[in-house]
Amino acid sequence: ATGEPLRREYRLLTRAGHELYFSDEATVMRDDAGQPHCLHGVLLDITERKRAEGRAKTSAERFRALAALAPAGIFLADAEGNCFWVNERWCELTGISAEEAAWTGWIRTVHAEDRDRVVLEWYGAAAEGRDFAAEYRLQPTGNQVRWVAARGKAVRHSDGGVAGYVGVI
């Protein structure tokens, strides 16, 4: 009635108990008088995509559970080395919130005497697409000083380019 294409995804269960997923799109074809006379459409098997989405969701859930239970501070950074996620333990170690840590906010928790060296090493590793390892002091609040060992692993795309970093302190 509206002339808009019909789009939908659905799941089918085979007699053998296998799940298959399909996507279809159909458009109403009209005759010279503007009356609908048939549907013209495409049916796609999207089973592999749906299975991959399921695996990705399971993997993400496992990562979140591991990060919540880990005794180490965990961080994620983009390919340029900018922090976009930290776990609760990371916040406890550094004394700042995840929001404060975002992008380059984490830098202010590094002890002033170590800051330039750590920043150069971290962003140098990111610029070169290599892993990162350093020991340095954190001084998140007041005079409290904590030595940490940090490691950042370059996570790569299938073409070898760096997708981002996962790391621990």
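Here are some numbered notes to help you find your way around this predicted model.

1. Let's begin with the overall make-up. The protein has four helices and eight strands. Followed along the sequence, these elements come in the pattern β-β-β-α-β-β-α-α-α-β-β-β. It helps to keep that pattern in view while turning the structure.

2. Next, the overall dimensions. The protein has a radius of gyration of 25 Å, whereas a compact globule of 169 residues would have one near 15 Å. Along the principal axes, the C-alpha atoms fill a box of roughly 80 × 40 × 30 Å. Buried residues make up 33% of the 169 residues. The accessible surface comes to about 11100 Å², and carbon and sulfur atoms account for 54% of it.

3. Now look for the sheet with strands 1, 2 and 3. These three strands form an open sheet in the order 1-2-3, with antiparallel pairing. Strand 1 (6-13) and strand 3 (36-45) each have a single partner strand, so one side of each is left without a neighbour in the sheet. From one strand to the next, the twist averages 30 degrees. Strand 2 (residues 19-30) pairs with strand 3 over nine bridges, and S23 stands opposite L44 in strand 3. Helix 1 packs on this sheet and touches strand 1, strand 2 and strand 3, with its direction at about 130 degrees to that of strand 2.

4. One residue of strand 2 is worth a visit: E25. Is E25 buried or partly exposed? Its relative accessibility is 36%, which means that E25 counts as partly exposed, since that class lies between the 20% and 50% cut-offs. E25 and V42 are 17 residues apart in sequence, but their C-alpha atoms are 5.5 Å apart in space. Leaving aside neighbours within four places in sequence, E25 is in contact with P5, L6, R7, H40, G41 and V42.

5. The other sheet to find has five strands. It is open, its order is 5-4-8-7-6, and the pairing is antiparallel. Strand 5 (83-86) and strand 6 (132-138) are at the edges with a single partner strand each, so each has one side without a neighbour in the sheet. Neighbouring strands are turned by 25 degrees against each other on average, direction ignored. Strand 4 (residues 74-78) and strand 8 (residues 162-168) pair over five bridges, and the bridge partner of L76 in strand 8 is V166.

6. Which helices pack on this five-stranded sheet? Helix 1 (residues 47-69) packs on the sheet, where it touches strand 4, strand 5 and strand 8, and its direction makes about 130 degrees with that of strand 4. Helix 4 (residues 112-128) also packs on the sheet, touching strand 4, strand 6, strand 7 (146-156) and strand 8; its direction makes about 160 degrees with that of strand 6.

7. Finally, the nonpolar core. In soluble globular proteins, nonpolar side chains tend to be buried together. Here the largest nonpolar core has 27 residues, and W90, W106, Y136 and I169 have the most contacts inside it. At least two residues of this core come from each of strand 4, strand 5, helix 2 (88-94), helix 4, strand 6, strand 7 and strand 8. Which residues does W106 touch? Not counting residues up to four places away in sequence, W106 touches C83, W90, I96, E100, A101, V118, W122 and Y123.

Methods: Residues numbered from 1 in each chain as written. Predicted model: local features only at pLDDT ≥ 70, side-chain atom pairs only at ≥ 80, totals over all residues. Heavy atoms only, no water. Pairing = 2+ DSSP bridges. Axes fitted to C-alpha atoms, helices over the stretch in contact; angles between N-to-C directions. Contact = heavy atoms within 4.5 Å. Core = buried A, V, L, I, M, F, W, Y, C linked by side-chain atoms within 4.5 Å. Buried < 20%, exposed > 50% of the residue type's maximum accessible area, 1.4 Å probe, protein only. Rg over C-alpha atoms; globule rule 2.2 N^0.38 Å. Areas by Shrake-Rupley, 256 points an atom, 1.4 Å probe, with all protein chains shown as cover.
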